[in-house]
Amino acid sequence: MPVVTIPGSKSITARALFLAAAADGVTTLVRPLRSDDTEGFAEGLVRLGYRVGRTRDAWQVDGRPQGPAVDEADVYCRDGATTARFLPALAAAGHGTYRFDASAQMRRRPLLPLTRALRDLGVDLRHEEAEGHHPLTVRAAGVEGGEVVLDAGQSSQYLTALLLLGPLTRKGLRIRVTDLVSVPYVEITIAMMRAFGVEVEREGDVFLVPPGGYRATTYAIEPDASTAGYFFAAAAAAVTPGAEVTVPGLGTGALQGDLGFVEVLRRMGAEVSVRPDGTTVRGTGVLHGLTVNMRDISDTMPTLAAIAPFADGPVRIEDVANTRVKECDRLEACAENLRRLGVEVSTGPDWIEIRPGVPSGSGAEITSYGDHRIVMSFAVTGLRVPGISFDDPGCVRKTFPGFHEEFGALRARL
Ligand SMILES: O=C(O)C1=C[C@@H](OP(=O)(O)O)[C@@H](O)[C@H](O)C1
Ligand SMILES: C=C(OP(=O)(O)O)C(=O)O
């Protein structure tokens, strides 16, 4: 019964770093994710003058409720949207001139609704090149707070950035949201703000954040549910019935909506047990086709797409338009790579449909587009399709530098 140790959640580590930096006192993050995204976030904080002490299993941050310790900084956010979208909001609460730039793909990814909301709150934020894209400069002088309207229909990260900023403003924030995707990520934000002493209230489309700042704490990071999904998918898609994967530390109390991916696997025929101490997925040798809405858990769309050819009927994934503006256009990247393997696929503006059947013996080089999730997903396909290789296997470093070793070890045990 393979038990897999999954590294910490990217989303929880990023939020914990923000909250720790903003809190009054010293916070210890236990078992943070060590990957390009989260190291990049921590480096960003260091650039902004925060002290971040890092050992293997714990990171310590000296919080500064008054904002960055330097009055000028140049922050490179790498490929991480949490860094690129959350840190400008943190900087806005301080006093100084802070410039943020990012990778070529992150520069292409959208930001305008957040820019607009910050400007509506009085923040002096200027884009150097394209409006609504990195690089940008925040000339910060603290934030008064008040009411703001936000369209988070393309990314919930805009809302998370504003929620996290709320307690650092003088009057607090009243955020009215006109559209919202990836709702469970907002729930993670609210739960974590509570752990740092702040209670967000929600009245329908309105989120109310009180002023008053955060309290430092010791915070344990749970394993990453999106990462766990590749291992669960491997068990569900295994040819031999009874293949089983258990991930400890990710169970009924988990904050991450992406654990809901196991319910999709259950609908497809896998046996799933979610317990307080962990989750187990057991393959039954059959995978059924289905139609599923993945608006809430769209990081797991490529995982499902990658095992869809093994189902006994079509797999249709709906309401995932915003996967087109992630590390790559994931709908097209999945479709292109599946077609290369001989699979019949159609896509629309916000959906993908995959027909069953992988010609035996067919392999191909997968084009990763620098997207960790394309590589990790097609590694699962590779359990049943010989000859799969990747043009850029190393891009898994964004969230799981040790992926290939861990997945290879699982492969040997399944
Ligand atoms: O807030 C977060 O930590 C995240 C929110 C989601 O993004 P969107 O809200 O843009 O869908 C998710 O895809 C991303 O990997 C992490
Ligand atoms: C979309 C992702 O990351 P981010 O938006 O945080 O860059 C992801 O990890 O799948």
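This is a short talk on a two-domain protein and the two ligands in its model.

First, the ground rules. The model is predicted, so local features need pLDDT of at least 70 and side-chain atom pairs count only at pLDDT 80 or more, while totals for chains, interfaces and linings use all residues. Residues are numbered from 1 along each chain as its sequence is written, and chains are lettered from A and ligands numbered from 1 in the order in which they are written.

Overall build. The protein has 13 helices and 23 strands. Those are DSSP runs, numbered from the N terminus: helices are H or I with at least four residues, strands are E with at least two. The C-alpha atoms fill a box of roughly 60 × 40 × 40 Å along the principal axes. For 414 residues, a compact globule would have a radius of gyration near 22 Å; the protein has 21 Å, which agrees. That radius is taken over C-alpha atoms, and the globule rule is 2.2 Å times the number of residues to the power 0.38.

Now the domains. Domain 1 covers 10–209 and domain 2 covers 225–403. These bounds come from an automatic or database domain assignment. Their C-alpha centres are 29 Å apart. Where they touch, domain 1 puts in 20 residues and domain 2 puts in 15. Contact here has a cut-off: C-beta atoms, placed from the backbone, within 7 Å.

Look at the domain 1 side. Helix 1 (10–22), helix 2 (36–47) and helix 7 (183–195) each supply at least two residues. Helix 7 gives the most, with six residues. By class, that side has eight nonpolar, six polar and six charged residues. For the classes, Ala, Val, Leu, Ile, Met, Phe, Trp, Tyr, Cys and Pro are nonpolar; Asp, Glu, Lys and Arg are charged; the others, Gly among them, are polar.

So where do the ligands sit? Both domains give residues to the shell around ligand 1, so ligand 1 lies between them. Both domains also give residues to the shell around ligand 2, so ligand 2 lies between them too.

Take ligand 1. There are 13 residues around it, and S11, S155, S156, S182 and Y185 come nearest. Near means a C-beta atom, placed from the backbone, within 6 Å. Helix 1 and helix 6 (157–165) are the elements that give two or more residues to this shell. The shell has three nonpolar, nine polar and one charged residues.

Ligand 2 next. Around it are G80, A81, T82, D299, K326, E327, R373 and T399. That splits into one nonpolar, three polar and four charged.

Back to S182. It is in the loop between strand 10 (173–180) and helix 7. Its phi is positive, about 50°, although it is not a glycine. A second backbone feature is a cis peptide bond between H134 and P135, with omega about 0°. P135 is in the loop between strand 7 (124–127) and strand 8 (136–141). For context, most residues other than glycine have a negative phi, and most peptide bonds are trans.

Last, a helix pair. Helix 8 (residues 225–237) and helix 9 (residues 261–268) pack at about 10°, with axes 10 Å apart. Axes are lines fitted to C-alpha atoms, for helices over the stretch in contact, and angles run from 0 to 180 degrees between N-to-C directions. That makes helix 8 roughly parallel to helix 9, a label for angles under 35 degrees. Helix 8 uses G229, F232, A233 and A236; helix 9 uses F261, V262, L265 and M268. By class, this contact has seven nonpolar, one polar and no charged residues.

Conventions
Two residues are in contact if their C-beta atoms, placed from the backbone, lie within 7 Å. Angles under 35 degrees count as roughly parallel, over 145 as roughly antiparallel, 65 to 115 as roughly perpendicular and the rest as oblique.
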